[in-house]
2 protein chains.
Amino acid sequence: MDTRERLIESARELLWERGYVGTSPKAIQERSGAGQGSMYHHFHGKPDLALAAISRSAEELRARAEAQLSGPGTVVERIVAYLRRERDVLKGCPVGRLTQDPDVMSDPELRGPVAETFAWLTDRLAALLEEGRANGELAAGLDPEATAGTLVAVLQGAYVLARAAGSPEAYEQAVDGAVGLLTAQVRRSGGDE
Amino acid sequence: MDTRERLIESARELLWERGYVGTSPKAIQERSGAGQGSMYHHFHGKPDLALAAISRSAEELRARAEAQLSGPGTVVERIVAYLRRERDVLKGCPVGRLTQDPDVMSDPELRGPVAETFAWLTDRLAALLEEGRANGELAAGLDPEATAGTLVAVLQGAYVLARAAGSPEAYEQAVDGAVGLLTAQVRRSGGDE
DNA sequence: GTCTATACATGGATAGAC
DNA sequence: GTCTATCCATGTATAGAC
């Protein structure tokens with residue numbers, strides 16, 4: 001891994017752990033093993049490096065989500081697989097945590113990848129739910145758009161609860177509840193019988 | 001409002017807007033109109049003042065929640081009233097945002113009020129849901145503990161989505177979805193008929 | 001109780017040698 | 001491309017006058 005790459009990866013880790021305001025160029029340099037001048041050679045400054053880091057994290061989140069959501073199984077099975085996928089619960093969501101960073105949200109460049117990620121994810125889930133409703137798998141009364149928002153929110157909020165409690169249990173519980181509410185919307189014998 | 005009080009209120013606002021790492025003693029002093037020495041007379045330092053501010057915000061959240069949850073109406077009506085209560089959506093949750101602050105979470109004193117708040121809120125909702133299940137208002141298959149966690153998580157996550165999108169709409173949508181999933185658990189003719 | 005002065009570390013960045 | 005030196009503002013706190 002070359003220096004530029006190590007800088008981005010170190011920035012990603014630190015943004016995840018400490019957020020934008022809590023992450024200094026110096027800390028990034030130390031973690032990456034790069035010197036002062038080296039970082040300013042590859043990037044214009046902290047915001048520039050942060051943009052590279054944030055963009056990559058956003059891309060990664062999207063790829064991982066898509067992996068579950070386009071996997072095998074019924075619509076509900078795929079969504080449940082996504083909800084239950086193993087996660088670094090106590091570290092929180094590397095993208096979602098950025099919404100709490102005023103310096104990120106006030107910079108359109110930095111904010112862009114964050115906004116797009118959640119817009120995409122919600123749309124993706126809404127499309128799946130709509131598909132489930134259309135094929136009779138899910139109750140006709142279910143609102144795909146709203147429910148998609150709910151599911152994404154549950155995950156983001158579950159991280160908050162787990163971090164508050166200092167234990168992944170609260171996360172599991174919130175997800176369990178969501179899965180319970182969702183599966184209650186499954187019509188008993190599938191759509192094509 | 002005396003100086004000490006103004007310091008606490010200013011600290012609360014800044015912690016809400018910018019988090020712990022993003023809030024400097026100097027900024028608190030300026031917002032409160034207090035001088036350097038004045039702040040250090042009333043508090044031992046930043047963590048001490050932050051503790052006062054965090055404790056008060058936690059207390060306030062709890063009081064507001066209790067106001068809705070112990071209000072009039074059926075269990076589901078009270079929960080929906082709580083979920084739909086007017087909120088400063090784009091500012092986020094003043095307590096939940098602290099879970100993203102490593103310096104808060106690593107200090108047991110600062111973390112305490114945050115942990116307690118969510119533990120209390122989840123328990124309170126779980127008790128209500130249990131009551132609804134017991135009186136036949138809610139489906140017997142509903143898991144009160146897990147669903148309580150889900151509802152709290154939806155609110156916390158809905159803030160994240162709204163901030164990411166820069167609009168309260170995403171918040172409303174997520175809450176709508178949760179209300180939809182919850183009311184689908186309501187047994188048709190009430191418990192006592 | 002509040003003010004000013006002072007202190008020392010860190011944050012964020014630039015300059016110029018190699 | 002990387003290193004060291006340097007710069008100025010800010011963060012956090014203490015000391016001591018009033």
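Reader: How does the lining of the largest cavity divide into nonpolar, polar and charged residues?

Author: Keep in mind that this is a predicted model. The cavity in question holds about 110 Å³ of space, and 16 residues line it, with Q100(A), Q156(A), V160(A), Q100(B) and V160(B) closest to its centre. Sorted by class, that lining comes to 6 nonpolar, 8 polar and 2 charged residues.

Reader: Which elements give two or more residues to that lining?

Author: Both chains show up among the residues closest to the centre of the largest cavity, for instance V160(A) and V160(B). The elements that supply two or more lining residues also come from both chains: they are α8 (144–165) of chain A and α8 (144–165) of chain B.

Reader: What about the second largest cavity: how many charged residues are in its lining?

Author: This one has a volume of about 80 Å³. Its lining counts 14 residues, and V21(A), R97(A), D101(A), V21(B) and R97(B) sit closest to the centre. Next to 4 nonpolar and 4 polar residues, the number of charged ones is 6.

Reader: And how many cavities of 30 Å³ or more are there?

Author: The two we just went through have volumes of about 110 Å³ and about 80 Å³. With the cut-off at 30 Å³ or more, the count is 6.

Reader: Why do chains A and B have the relation of a two-fold axis?

Author: Lay chain B on chain A and you get an RMSD of 0.0 Å. The operation that does it is a turn of 180° with a shift of 0.0 Å along the axis. A half turn without any shift is what such an axis does, so the relation is that of a two-fold axis.

Reader: Which residue of chain B comes closest to the rotation axis?

Author: Going by C-alpha atoms, the approach is down to 2.0 Å. In chain B, the residue there is G157(B).

Reader: On to the DNA. Which element gives the most to the surface near strand D?

Author: Strand D has 14 residues around it, the closest being T3(A), S38(A), H42(A), P25(B) and Q36(B). Two helices supply at least two residues each, α3 (36–42) of chain A and α3 (36–42) of chain B. The top contributor, with 5 residues, is α3(A).

Reader: Which side chain has an N or O atom 2.5 Å from a base nitrogen of strand D?

Author: Sugar and phosphate make up 55% of the strand D atoms that come within 4 Å of the protein. On the phosphate side, the H42(A) side chain puts an N or O atom 2.8 Å from an oxygen, and a polar backbone atom of K46(B) is 3.2 Å from a phosphate oxygen. The base nitrogen, at 2.5 Å, is paired with the side chain of Q36(B).

Reader: For strand C, how far is a phosphate oxygen from an N or O atom in the side chain of Y40(A)?

Author: P25(A), Q36(A), T3(B), S38(B) and H42(B) come nearest of the 14 residues around strand C. Q36(A) has a side-chain N or O atom 2.5 Å from a base nitrogen, while H42(B) has one 2.8 Å from a phosphate oxygen. For the Y40(A) side chain, the distance to a phosphate oxygen is 3.3 Å.

Reader: Where in chain A does UniProt place its "DNA-binding region"?

Author: The annotation comes from an unreviewed entry. In the model, the annotated span is 75% helix and 0% strand, and its end C-alpha atoms lie 14 Å apart. UniProt places the feature at residues 24–43.

How values were computed. Residues are numbered from 1 along each chain as its sequence is written. Chains are lettered from A and ligands numbered from 1 in the order in which they are written. This is a predicted model: local features need pLDDT of at least 70, side-chain atom pairs count only at pLDDT 80 or more; totals for chains, interfaces and linings use all residues. Side-chain values use heavy atoms; hydrogens and water are left out. A residue is near a molecule or strand if one of its heavy atoms lies within 4 Å of it. A polar contact is a pair of N or O atoms within 3.5 Å; within protein, one must be able to donate a hydrogen and the other to accept it, and residues adjacent in sequence count only if both atoms are side-chain atoms. Helices (H or I, at least four residues) and strands (E, at least two) are DSSP runs, numbered from the N terminus. On a 1 Å grid over the protein atoms alone, a cavity is a set of points where a 1.4 Å probe fits but cannot get out, and a pocket is an open set with protein on both sides within 12 Å along at least five of seven lines; lining residues have an atom within 4 Å of a point. Grid points are joined across faces, edges and corners, and a volume is the space filled by probe spheres set on the points. Ala, Val, Leu, Ile, Met, Phe, Trp, Tyr, Cys and Pro count as nonpolar, Asp, Glu, Lys and Arg as charged, and the others, Gly among them, as polar. UniProt positions are given in the numbering used here, feature names are shortened, and annotations may be inferred rather than shown by experiment. Copies are superposed by least squares on the C-alpha atoms of residues with pLDDT of at least 70 in both.
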